[in-house]
Structures are given as C-alpha cells and as structure tokens.
Amino acid sequence: MKKLTVIVTALALLLSFTACSALEGNQSSQEQTSQPETSLSSTPDTSAEDSMQEPSNNETAQFNLETGTVLLNSGYEMPIIGLGTFQLSDSECENSVYHALLYGGRLIDTARIYGNEEAVGRAIQRAIDEGICTREEIFVTTKMWTADYDNADAAIDASLERLGLDYIDLMILHHSQPENDVEAYQAMERAVEDGKLRSIGLSNYYTPEDFDRLVNATTITPALLQNETHLYHQSTQMKEHLEQYGTVLESWFPLGGRGQTQILFNDETVVSIAEAHDKTSAQIILRWHLQAGNIAIPGSSNPDHILENLSVFDFELSQEEMDRLTALDRNERFADY
Ligand SMILES: NC(=O)c1ccc[n+]([C@@H]2O[C@H](COP(=O)([O-])OP(=O)(O)OC[C@H]3O[C@@H](n4cnc5c(N)ncnc54)[C@H](OP(=O)(O)O)[C@@H]3O)[C@@H](O)[C@H]2O)c1
C-alpha cells in the first residue's frame, strides 16, 4: 500500500515538474513577471548581476514547497531536494542519477573526490537523449577538493570536462582550508565571470568566524553552505548566521549517513510521526529538512529509495510535529571531519 502511494505521489511529482517545465518553455514575458520566484527555471532573475556585485545582500532565502525550489542569492533557482552520490560506484552512480531524473528529481550532488563525475555526466546525457529532461532543468553541484585549491582554475575545467557539461550550476569548496581556500574561491569567482559556473558556495565551514573569514576576503557572497546536518545536528547557529547573507544551508548526511541511518529511522519520535502520516521514517526526516529550510540531498543506490525520497510533497508536518523533531537536536555529528 505504501509503495502504491509512493508511486502515485511520484507520478504527481513528475507531472508537476513536467507542467512547470512546459510552463517555463512557453511563458510569455508577462507571465514571467507575474511569478518571478516560483518558476522552475534555473535562469537568473534580474537581481542576479546586482547580487554578484553586492556581496552583502540581506535577502533571506525563500523555500517554495509548491515548486520544490529556492531562489539563491545568485539569482538562480535551485531544487530543494535531490540525490547525493557519495560512496556510489560508477555503475551505481549512473543508475541512481538516471533514476532520480526519471522520477522527476532535478538536483544532483557529486564531487571530484567521489570519483563519479563522469558517471553523473553519462546519466545526465542519457536522460537528455531520452527526452526525460533538458540540461537547463537539471541542477548539478560539484565540489573542489582541498588538494586542488592551489590549481583551482584547472580543477574547474577538469570537473567540467568529466561531467561533460559546458557550465556547472553550483561549485563549492569541499572544506575550509585557511592557507589557500580564499585563492580557490577567487578562481571560482573568475569562473562565474567566464560563464563556467553559475553559483558558488562552501562546504564544511562550521563556525561563523570561519565563514566570515572567507566572505570578507572575497567578492561573491556564497549562495550555499553544505554542512553535516540532520535531526541530531541541526546546524541552528550557522543557519542563523547565514541569514544576513541570504546563503542557504544544504544538509549532507540528511538521513544520518550510510551505515547510520537506522539511528534516526528508529528514533521513537520519528517513528510515531511516520505512523501518523503513513510515511516512512526517511520521508518524515526529509520533509523536516525542507520545512526547516534545509536543502536535502539523500544519497542512495536504490531506485525505490530514490523515488520514496522525492515523494515528500503530498503531506505536511504540523508545527507541533516540527517542534518535536527540532527538540531532538543534540549537536551530535556522525562524521569526524
Ligand atoms: N560536503 C561533504 O563533505 C559531504 C560529506 C558527505 C556527504 N555529502 C553529500 O551528501 C549526500 C548525502 O549524504 P550520504 O549519502 O553520505 O548520507 P545519507 O543521505 O544521510 O544516507 C545515505 C544512506 O541512506 C540510505 N537511504 C537513502 N534513502 C533511503 C530510504 N528511503 N530508505 C532507507 N534507506 C535509505 C542509503 O542506502 P541505499 O543506497 O540502500 O538507498 C544510504 O545507506 C552524499 O551522497 C553526498 O552527495 C557531502
């Protein structure tokens, strides 16, 4: 029964994404002005150039749970749920990315260090060839590895080459590395100017001071910060700090991470809310991320799980349920970096 519900939901999701895409393609300029923040387009709005020249913009990121997108401070629209590819082999990765796209997912997260950018590129090309989606509808994130910070311009070109893309929607620095992360970020800024990257951001910056160190030394405000974030480590302080920059938080390990998911799935608060909604623990946790304003990129090698994870738009957690889930925070990370 649950599986049937998931399939029906996914079809609805797919239809809604298709409808949005069709709308995007056919929109007259008048229609575009009537809904500037809610289209699925990954085209920047007119504030894009301003925000690139104006590092300290004060816009707060707006999550739209109808379209499943958020408008980044770079002016580009980004899906708020997608697929992570950490620890996926080439064949698993290609299969997972293809199925995510098939089921209506449009956000893919990879990294140079995962060794699967080429597999991501192959799956995207296959989905485009089969008419599942267009390049413009897909949002691809990759990350610059710390060992590449001294050769950042070449690292950007190499990721583009491996992905088989002529632009990357979002590139982020993989970790804080004070000795040379500013130079690496500046290379990403140049790549934005050159049209190779659309948005840029950071990953694994865990204190406001460290985040500000990078921001104060660079020009383009990070569009996004990707940190370990889940029910037991909710990143509340960093999220509050990001508000002044209009920078959105993205959760890695949204389900607790491979090998640790049962800890969160079996949490009794999660289980009781899942039963109340006739949803799985994974769906409750992912819906919590979205309603809390966190972009979520659950990793999976299993197409059934991918479909389930994308099917979180047909129910809503009440304020009381959100409060119970928020109360689970214990500032406990599962990774040690
Ligand atoms: N910036 C960083 O330093 C950093 C670090 C780690 C991860 N990341 C990114 O964040 C993404 C997410 O993190 P993650 O993949 O490590 O951990 P995760 O998404 O928290 O958990 C992945 C685990 O959840 C399982 N799973 C997924 N959906 C499920 C479902 N519906 N039901 C049951 N099990 C389910 C997966 O198993 P199956 O394969 O069986 O579905 C896998 O074991 C990564 O893939 C990567 O893109 C970034």
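**Notebook: strands, a ligand shell and one loop residue**

I began with one pair in the middle of things: in S8, Leu 202 is the bridge partner of Leu 173. By strand I mean a DSSP run of E of at least two residues, and by helix a run of H or I of at least four, each numbered from the N terminus. I should say early that this is a predicted model, where local features need pLDDT of at least 70, side-chain atom pairs count only at pLDDT 80 or more, and totals for chains, interfaces and linings use all residues. Residues are numbered from 1 along each chain as its sequence is written.

**Entry 1: the parallel sheet**

I followed S7 and S8 further and found that they run parallel, joined by five bridges. I call two strands paired if DSSP finds at least two bridges between them. Strands of a sheet pair through backbone hydrogen bonds, either parallel or antiparallel. S7 (residues 168–173) also pairs with S6 (residues 139–144), in the parallel sense and over four bridges. There I saw Thr 141 opposite Leu 170 in S7.

Then I looked up the whole sheet: it is open, has eight strands in the order S4-S5-S6-S7-S8-S9-S10-S11, and its pairing is parallel. Its edge strands, S4 (83–84) and S11 (294–296), each pair on one side only.

How many residues of S8 are buried? I counted seven of its seven residues (197–203). Buried here means that 20 or more other C-beta atoms lie within 10 Å of the residue's own, exposed means 12 or fewer, and partly exposed is in between, with C-beta atoms placed from the backbone.

**Entry 2: the small-print sheet**

I found another open sheet, with three strands in the order S1-S2-S3 and antiparallel pairing. S1 (63–64) and S3 (77–79) are its edge strands, each pairing on one side only. S1 meets S2 (residues 69–71) over two bridges, and Asn 64 stands opposite Thr 69 in S2.

**Entry 3: Thr 247**

I next visited Thr 247, in the loop between helix H9 (236–243) and strand S10 (248–252). Why does Thr 247 count as buried? Because it has 26 C-beta neighbours inside 10 Å. Its C-alpha atom is 6.6 Å from that of Asn 73, although the two are 174 residues apart along the chain. Setting aside neighbours within four places in sequence, I listed its contacts (C-beta atoms, placed from the backbone, within 7 Å); among them are Asn 73, Thr 221, Pro 222 and Leu 242.

**Entry 4: around the ligand**

I looked up what surrounds the ligand and found 25 residues, the closest being Gly 84, Phe 86, Trp 252, Gly 299 and Ser 300. A residue is near the ligand if its C-beta atom, placed from the backbone, lies within 6 Å of it. By class, I noted eight nonpolar, 14 polar and three charged residues in this shell. Nonpolar covers Ala, Val, Leu, Ile, Met, Phe, Trp, Tyr, Cys and Pro, charged covers Asp, Glu, Lys and Arg, and the others, Gly among them, are polar. Which helix gives the most to the shell? I found that H13 (residues 303–310) does, with three residues.

**Entry 5: the whole chain**

To finish, I noted 14 helices and eleven strands in the chain. Of its 337 residues, 47% are buried. Among contacts between residues at least 6 apart in sequence, 73% join residues at least 24 apart.

How values were computed:
Contact = placed C-beta atoms within 7 Å.
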